[in-house]
Amino acid sequence: FWVETTKAPLLDEAGDIIGVVGLISDVTAYYRQSMDLRQTQHMLQSVLDTIPARVFWKDCDGIYLGCNQLFANDAGLESPHQILGQTDYEMGWAKQAELYRADDAAVVNSGEPKVGYEEPQTTPDGGRIWLNTSKIPLRDSRGELIGVNSAILTRSGGNIGIGFAIPINRAKRIISDLINYGTVVQPWIGV
């Protein structure tokens, strides 16, 4: 079992140390709960980091509370922890910050999801990609609105509450080729 100890000097009437007084508390239950919580948090981050989508969540002021590894990579960060406390204005996509914040504000103000829309994003190297994004209100355990994440739309039409954005550059190029040429133009190198 696990214990926490507190010790203090025992003084006589003259103020001289004559011993030690100690208190021992059994903290086994607290330690086990703490370990269970850490294990659950690790498992959740592992799930988020292995799904093939960009996952993020923000508070009502647009401050990032977390993300998965793919989203961190898109932001030019090595770790999801580096996004904590940042805003869109501080990311490589600062040019789109007003657009993103307007979407976030619409979701926060209405309390309604915004599902399956396209938006541009500037990459860390200055390139541009297109994302298919969905955002829903993020609520705490009491149902209070605390921010924004995105929604995975299920076949039944319900939201399961994990945020995501999926790059759709290739789909946009194929659609453009089909409209303009009636076929998909494949890249090739001539010799």
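**Lys135 and Asp104 are both buried (under 20% relative accessible area, 1.4 Å probe, protein chains only).** The model is predicted: local features need pLDDT of at least 70 and side-chain atom pairs pLDDT 80 or more, while totals for chains, interfaces and linings use all residues. Residues are numbered from 1 along each chain as its sequence is written, and side-chain values use heavy atoms, without hydrogens or water. The side chains of Lys135 and Asp104 form a salt bridge with an N to O distance of 2.6 Å (a Lys or Arg side-chain nitrogen within 4 Å of an Asp or Glu carboxyl oxygen). This pair connects distant parts of the chain, with Lys135 in strand S6 and Asp104 in helix H3, 31 residues apart (DSSP runs numbered from the N terminus: helices H or I, at least four residues; strands E, at least two).

**Lys58 makes salt bridges with Asp88 and with Asp104.** Between Asp88 and Lys58 the N to O distance is 2.6 Å. Asp88 sits in the loop between helix H2 (69–74) and H3, and Lys58 in strand S3, so that distant parts of the chain, 30 residues apart, are linked. Asp88 has a relative accessible area of 0% and is therefore buried. Lys58 also counts as buried, because its relative accessibility is 1%. In the pair of Asp104 and Lys58, the closest N and O atoms are 2.7 Å apart. With Asp104 in helix H3 and Lys58 in strand S3, this salt bridge ties together parts that are 46 residues apart in sequence. Both partners of this second pair, Asp104 and Lys58, are buried.

**Lys58, Asp88, Asp104 and Lys135 form a network of salt bridges.** How many salt bridges does the structure hold? The count is six. The network includes Asp104, which is joined to Lys58 and to Lys135.

**One cavity of 30 Å³ or more is present in the structure (1 Å grid over the protein atoms alone; a set of points where a 1.4 Å probe fits but cannot get out).** About 80 Å³ of space lies in this largest cavity (probe spheres set on points joined across faces, edges and corners). Its lining comprises 13 residues, and Phe56, Phe71, Tyr100, Glu119 and Gln121 are the closest to its centre (lining: an atom within 4 Å of a point). By type, the lining residues divide into seven nonpolar, two polar and four charged (nonpolar: Ala, Val, Leu, Ile, Met, Phe, Trp, Tyr, Cys, Pro; charged: Asp, Glu, Lys, Arg; polar: the others, Gly among them).

**Three strands each supply at least two residues of the cavity lining.** They are S3 (56–59), S5 (114–122) and S6 (128–139). Which strand gives the most to the lining of the largest cavity? S6 does, with three residues. Lys135 of the salt-bridge network also lies in S6.

**Phe1, Val3 and Ile24 make up a nonpolar patch on the surface (residues over 30% relative accessible area without a salt bridge; nonpolar side chains joined within 5 Å, like charges within 9 Å).** Together the three residues have about 370 Å² of accessible area (Shrake-Rupley, 1.4 Å probe). Phe1 is placed in the segment before strand S1 (3–11). Its relative accessible area is 75%, so Phe1 is exposed (over 50%).

**Val21 is a residue of strand S2 (17–26).** Its relative accessible area is 42%, so Val21 is partly exposed (between the two limits). Lys7 is 14 residues away from Val21 in sequence, with a C-alpha to C-alpha distance of 5.7 Å.

**Ala102 belongs to helix H3 (97–110), and Ala94 to the loop between H2 and H3.** Ala102 is partly exposed because its relative accessible area is 46%. Ala94 counts as partly exposed too, at 32% relative accessibility. Gly62 lies 40 residues from Ala102 along the chain, and their C-alpha atoms are separated by 9.9 Å. For Ala94 and Thr122, 28 residues apart along the chain, the C-alpha separation is 8.0 Å.

**The protein chain as a whole has four helices and eight strands.** From the N terminus on, the elements run β-β-α-β-β-α-α-β-β-β-β-α. Of the 191 residues in the chain, 29% are buried.

Definitions and conventions:
1 Å grid on protein atoms, 1.4 Å probe; cavity = no way out; pocket = protein on both sides within 12 Å on 5 of 7 lines; lining within 4 Å.
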